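Me: Could you take a close look at one part of this model for me? I'd like to hear about a helix, the residues just before it, and the charged pairs it takes part in.

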Amino acid sequence: MKIGIISFAHMHAVSYADHLTEHSDVELTAIWDEDIERGSRMAERFRCEYYSNLTSFLETDIDSVVICSENVNHKEHVIEAAKMKKHILCEKPIATEVDDAKEMIRVCEEEGVILQVAFPVRFVPAVQKVREVIQSGALGEIVAIQATNHGQMPGGWFIEKERSGGGAAVDHIVHVMDLIRWIQNDEVKQVYAELDTRFYDIAVEDCGIVTLELESGTIVTIDPSWSRPRTFPTWGDVKMEIVGTKGTISLDAFKQHLVLYNDQQKKVQHIGWGDDMDLGLVNDFIDCVKSKRCPSITGEDGLRTLEVVQAAYESNKLKQAVTLTRI
């Protein structure tokens, strides 16, 4: 199977490309990037063809694309790829606007192509075990969930609202929200959010607290901040405290790590030794395309998390809770 990558704007693109080139059933044959220098450099690194013209790239014999462009460009790139009958793995968030996400899903359905959204944390074994325990009923009724997705401030286009769609909220709520929906088989009923900019002199939010009520009645709080300092030994965390009527589970998705005292780079680093979540995501997408099955993480999954993000922004603006209405 031949795969191409649309843009290396997002840092995850390099990890995905590494795993694609290591897969025995896949060839990474083409890269498109509007940044000619970056695209050419990556094409040389991964020994494939660089295209500066998106149409020419999509006219090649690739079967699928991995889209890692800036958030605001996801819509255009997904729709263009779908119309050329390419299956799609799209970096999160699916889009910056709910209506855009709906159109992307519709076009992919009409063109008969797979649209999978990149939520790799689903492929962490600890997360999968927690889901298994909760769905078995061992924790009883889930009463409350406290979750964090702290990270370092990424800079670049991530802090330019016209390209990212927002700041820490759009960057981090979606990961945690996808896990909660997947683990609980539940949807969000109401959102209350307070967002702020306290750590950096930037034009988007870098911290906040989001409180949710799920349709089941479960109360959820999410801290989606860019609060980790540059000296932090890893990019951030994904943690949850899940309280049920029969017990409590504490989840640390990235606890499996070694501590490296790196004198060369003059910093302490956490080096994960557990299963690689990006590898799990890439392998799942490849299997999905080869077996022509429904993706594990659908466009609708991406849409539902984006609805929560947009409700959080609306709540923060109105200073009141917002009720979600799904169509």
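Reply: Happy to! A salt bridge here is a side-chain nitrogen of Lys or Arg within 4 Å of a carboxyl oxygen of Asp or Glu. Please keep in mind that the model is predicted.

With that cut-off, Lys75 and Asp100 form a salt bridge, their closest N and O atoms being 3.2 Å apart. Lys75 belongs to helix α4 and Asp100 to helix α5 (residues 98-111), so this pair ties together parts that are 25 residues apart in sequence. Lys75 itself is partly exposed, at 25% relative accessibility. The pair also belongs to a network of salt bridges that links Lys75, Asp100, Glu103, Arg106 and Glu110. Over the whole model, the count comes to 22 salt bridges.

Now to the rest of α4, which spans 74-83. Its buried residues are His74, His77, Val78, Ile79, Ala81 and Ala82. After the helix comes Lys85, which has a positive phi, near 65 degrees.

On the other side, the loop between β4 (64-67) and α4 holds Glu70. Glu70 is buried, with a relative accessible area of 4%. Its side chain makes a polar contact with the side chain of Arg163, at 3.4 Å. If you leave aside neighbours within four places in sequence, Glu70 is in contact with Ala9, Glu34, Trp157 and Arg163.

For a pair inside one helix, look at Arg304 and Glu300, which form a salt bridge with closest N and O atoms 3.2 Å apart. They are four residues apart in helix α10 (residues 299-318), so about one helical turn separates them.

Technical notes:
Residues numbered from 1 in each chain as written. Predicted model: local features only at pLDDT ≥ 70, side-chain atom pairs only at ≥ 80, totals over all residues. Heavy atoms only, no water. Helix = DSSP H or I, 4+ residues; strand = E, 2+ residues; numbered from the N terminus. Buried < 20%, exposed > 50% of the residue type's maximum accessible area, 1.4 Å probe, protein only. Polar contact = N/O pair within 3.5 Å; in protein donor to acceptor, adjacent residues only side chain to side chain. Contact = heavy atoms within 4.5 Å.
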